Structure formats: C-alpha cells, structure tokens
Amino acid sequence: MANERTLSIIKPDAVAKNVIGGIFSMIEAADLKVVATRMIHLTEDQAKAFYAVHRERPFYNDLVSFMTAGPVVVSVLEGQDAIAKYRKVMGATNPAQADNGTIRKAFAENIERNAVHGSDAPETAAMEVAFFFPESEIRSR
C-alpha cells in the first residue's frame, strides 16, 4: 500500500446544498487526510483547461457550464492508497448505481450533478493536484 495524494472537487451542486461538511466527514472516515483545501469559483478558461481531456465528448460544454455555475471546493487528500480509497467512498459516477454509504449515493442528484470529482490514476492525480495547488500550499500531516 502506497501513501498517495489525490484531488477532490466538491462540485457546485453539492456546495449549493451545503453538504461540504458531510462530504469531508465521509472522506475523513475513510482514513484520508485533507492536506490542502480552498473554495473557488472556476472561470470558463479554468474549467476548459481542467476538463480538456473531455473536449471531444458531447457532454464537454455542459460540463464546463456546470462546473462554472457556482463555487467548488478543491482539496488534496492524502493517505494509503488514497486514489482507490477516495474513488470507493465517492461511489459510482451514476448515483443510482452507487453503493449505500458513498458520497454520490448520499448527495448526488444524477449522473451529471454527481457531487464530487476524484482523480482516477497516480499520473492524473499528480497533474490535477498541481493544477490547483503549488507544493508550498500542501501540508502533509
């Protein structure tokens, strides 16, 4: 088991529902530590850059619009196998298919408004963390 970092984004739908604390509680219950966090309102350019990998997909423009519709909470999570742990606690992308006890089962509305984002691999996590946080703002503990 490797000590890893991963990115978490609490999306505009979950921020608007005021469930940030509930999501953080589930993250911490999964033995993950929040080592950097901030609330931001993504610009269109930031959202387009962050989700550039999806640029050719039909949902790209809707995703950019959604992610710029309100503030988000970006965080760096750290722990043993943090990427897999966080993906497990997030639950399936479609909340209708998510297991009970997962963030998406508890807080997501549908597949488009699914409450949270998490990195899917070590390489992606490194790029995503660096997109939002310089190393000097991350505090391992």
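In the predicted model, Ile 103 touches Ile 23, Met 26, Ile 27, Tyr 86, Val 89, Met 90, Ala 108, Ala 115 and Val 116, when residues up to four places away in sequence are not counted. Ile 103 also belongs to the largest nonpolar core, which has 23 residues. Together with Ile 10, Ile 23, Ile 27, Tyr 86 and Val 116, Ile 103 is among the residues of this core that touch the most other members. At least two residues of the core are supplied by each of helix 1 (12-16), helix 2 (20-29), strand 3 (72-80), helix 5 (82-90) and helix 6. Helix 2 gives the largest share, with five residues. A second core, separate from this one, consists of 21 residues, including Leu 63, Met 67, Val 74 and Phe 132. In soluble globular proteins, nonpolar side chains tend to be buried together.

Helix 4 was examined next. This helix spans residues 60-67, and its buried residues are Tyr 60, Leu 63, Val 64, Phe 66 and Met 67. When helix 4 is viewed down its axis, these buried residues fall within an arc of 165°, and they therefore line one face of the helix. The exposed residues Asn 61 and Asp 62 are carried on the face of helix 4 that is turned away from the buried side. The buried residues of helix 4 are covered by elements that include strand 1 (3-10), helix 1, helix 3 (44-50) and strand 3.

Aromatic side chains were also considered. The structure holds four aromatic pairs. One of these pairs joins Phe 50 and Tyr 51 in an edge-to-face arrangement, with 4.9 Å from centre to centre and 85° between the planes. Phe 50 is buried, as its relative accessible area is 11%, and Tyr 51 is likewise buried, with a relative accessible area of 4%. Phe 50 also forms an edge-to-face pair with Phe 131, for which the centre-to-centre distance is 5.3 Å and the angle between the planes is 65°. Because Phe 50 lies in helix 3 and Phe 131 in helix 7 (residues 122-132), this pair ties together parts that are 81 residues apart in sequence. Phe 131 has a relative accessible area of 34% and is partly exposed. Phe 50, Tyr 51, Phe 131 and Phe 132 form one aromatic cluster. Phe 132 is also included in the second core.

The loop between helix 6 (103-107) and strand 4 (116-118) contains Asn 114. Ile 111 lies in the loop between helix 6 and strand 4 as well. Asn 114 counts as buried because its relative accessibility is 3%, whereas Ile 111, at 43% relative accessibility, counts as partly exposed. The two residues are linked by a polar contact, in which the side chain of Asn 114 reaches the backbone oxygen of Ile 111 at 3.3 Å. Beyond its neighbours within four places in sequence, Asn 114 is in contact with Lys 11, Asp 13, Thr 93, Arg 104 and Ala 108. Ile 111 touches Thr 93, Asn 94 and Pro 95, again without counting residues up to four places away in sequence. Thr 93 is thus in contact with Asn 114 and with Ile 111. The C-alpha atoms of Ile 111 and Glu 135 are separated by 32 Å, and these residues are 24 apart along the chain.

Note on methods: Residues are numbered from 1 along each chain as its sequence is written. This is a predicted model: local features need pLDDT of at least 70, side-chain atom pairs count only at pLDDT 80 or more; totals for chains, interfaces and linings use all residues. Side-chain values use heavy atoms; hydrogens and water are left out. Helices (H or I, at least four residues) and strands (E, at least two) are DSSP runs, numbered from the N terminus. Buried means under 20% relative accessible area, exposed over 50%, partly exposed in between (1.4 Å probe, protein chains only). A polar contact is a pair of N or O atoms within 3.5 Å; within protein, one must be able to donate a hydrogen and the other to accept it, and residues adjacent in sequence count only if both atoms are side-chain atoms. Contact means heavy atoms within 4.5 Å. A nonpolar core is a set of buried Ala, Val, Leu, Ile, Met, Phe, Trp, Tyr and Cys residues joined through side-chain atoms within 4.5 Å. The arc is that of the directions from the helix axis to the C-beta atoms. Rings of Phe, Tyr and Trp (its six-membered ring) pair if their centres lie within 6.5 Å; planes under 30 degrees apart count as stacked, over 60 as edge-to-face and the rest as tilted.
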